[in-house]
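Got your viewer open? Load the model and get ready to click along.

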Amino acid sequence: MARTVLLTGGGRGLGRATAEKLAVLGHRVILVARNPAAADAAVDEILHRHPRARVEGRSVDLSALTEVGSYASTEAERGDPIDVLFHIAGVMQTSATRRLTVDGYEETLAVNVLAPFVLTAGVLPALERSASARVVTVSSRLHLPGSRGAPVDFDFDDPQLARGYNPDRAYKNSKLAVLWFTYELQRRLAPRPITANAVCPGFVPATAAASTTGVMRFVMSSVMPHMPFATSVDAAAESFVFMAVDPSLEGVGGKFFGEQHPIESSPQSRDPEQSRRFWELAERLTGAVGAR
Ligand SMILES: NC(=O)c1ccc[n+]([C@@H]2O[C@H](COP(=O)([O-])OP(=O)(O)OC[C@H]3O[C@@H](n4cnc5c(N)ncnc54)[C@H](OP(=O)(O)O)[C@@H]3O)[C@@H](O)[C@H]2O)c1
């Protein structure tokens with residue numbers, strides 16, 4: 001059955017690849033990119049290759065939370081159901097300089113978690129119009145304790161890393177927080193026929209290269225994709241398609257997936273008390289009213 005899928009990160013990377021695959025399967029895709037030029041270019045490219053595709057572009061800078069909120073209300077007010085809301089966009093900084101968004105939020109937390117929080121709250125009426133809807137977030141195995149780089153260390157008293165900023169930590173914390181958001185969303189959505197799951201695409205150096213510079217970018221884009229532990233863009237996009245529309249996931253919620261199968265997220269991510277605490281923090285930070 002054809003579904004309406006709203007996905008972020010549609011301008012390039014895994015979001016762009018997933019948009020094309022979903023469109024080829026006959027689904028209606030609403031592709032969100034950062035600016036009109038990126039949205040138009042992605043839509044034109046997909047239509048050029050697949051003239052019968054149903055794909056529409058929207059432009060939203062996810063680091064500007066006020067813009068995200070007003071876009072979400074406009075999308076919900078169109079009156080159409082949205083069957084799948086897929087938060088694919090994400091940032092991974094490399095610089096040791098802490099970057100703030102136009103609204104004054106630490107950028108990684110804003111784009112990776114607060115934007116999905118605000119967007120979900122805003123389009124909830126459209127999800128509720130669907131007979132059975134899905135919200136899918138993208139986390140990462142890097143949130144697991146012991147993963148390479150600075151350890152995950154989410155401090156509720158300093159969620160935006162005003163003290164001791166480290167780009168690795170900001171990324172890992174955001175991917176832990178996106179799990180808290182997803183699991184709490186699943187609890188709050190019940191008994192509505194809307195599920196919330198998270199997914200890790202695996203290590204996809206071909207797209208992760210965009211977050212690197214210099215020699216590292218060369219290594220990530222040219223050498224790493226040939227490594228046995230690397231996942232291809234095509235395989236990662238397939239697993240995103242699975243999350244979005246595979247019938248086997250009907251009614252399945254509150255889970256973390258790897259390559260088309262459930263995997264374990266960290267014990268900390270599974271703590272309902274911390275999930276609730278994060279939800280309340282996100283509400284305070286954004287002023288958005290989440291699902292009740
Ligand atoms: N690649 C991996 O190995 C890997 C592993 C685990 C998880 N992930 C996650 O998978 C998701 C997709 O990653 P990817 O590999 O496709 O990365 P990517 O190629 O760097 O793509 C990131 C996407 O996010 C968009 N984005 C970033 N900031 C934005 C903003 N302020 N407003 C609107 N869009 C914005 C980018 O748009 P612009 O073109 O405008 O920047 C781009 O479309 C991310 O959430 C990432 O954290 C990736």
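We'll start at the ligand and then follow one helix. Keep in mind that this is a predicted model.

**Stop 1: the ligand and its shell.** Select the ligand and show what surrounds it: you should pick up 26 residues, with R12, R34, Y171, V204 and T207 the closest. Colour that shell by class and you get 14 nonpolar, 8 polar and 4 charged residues.

**Stop 2: the polar contacts.** Now go for the ligand's oxygen atoms. Start with R34: a polar atom of its side chain sits 2.7 Å from a ligand oxygen. Next, click L14, where a backbone N or O atom is 2.8 Å from an oxygen of the ligand. Then try G90, which also uses a backbone N or O atom, at 3.2 Å from a ligand oxygen. Switch on a surface here: of the 880 Å² of accessible area the ligand has on its own, the protein covers 90%. Which elements give two or more residues to the shell? They are α1 (13-24), α5 (167-189) and α6 (205-208).

**Stop 3: helix α1.** Select 13-24 to pick out α1. Its 12 residues reach 17 Å from first C-alpha to last, close to the expected 16 Å. Because 10 of those 12 residues are buried, α1 is largely enclosed by the rest of the structure. The buried ones include L14, R16, E20 and K21. To see what they pack against, add β1 (4-8), β2 (28-33), α2 (36-49), α6 and α8 (233-245).

**Last stop: G26.** Move on past α1 to G26, which follows the helix and has a positive phi, near 95 degrees.

Methods. Residues are numbered from 1 along each chain as its sequence is written. This is a predicted model: local features need pLDDT of at least 70, side-chain atom pairs count only at pLDDT 80 or more; totals for chains, interfaces and linings use all residues. Side-chain values use heavy atoms; hydrogens and water are left out. A residue is near a molecule or strand if one of its heavy atoms lies within 4 Å of it. A polar contact is a pair of N or O atoms within 3.5 Å; within protein, one must be able to donate a hydrogen and the other to accept it, and residues adjacent in sequence count only if both atoms are side-chain atoms. Accessible areas come from the Shrake-Rupley method with a 1.4 Å probe; for residues, only the protein chains shown count as cover. Helices (H or I, at least four residues) and strands (E, at least two) are DSSP runs, numbered from the N terminus. Ala, Val, Leu, Ile, Met, Phe, Trp, Tyr, Cys and Pro count as nonpolar, Asp, Glu, Lys and Arg as charged, and the others, Gly among them, as polar. The expected span of a helix is 1.5 Å times one less than its number of residues. Buried means under 20% relative accessible area, exposed over 50%, partly exposed in between (1.4 Å probe, protein chains only). Contact means heavy atoms within 4.5 Å.
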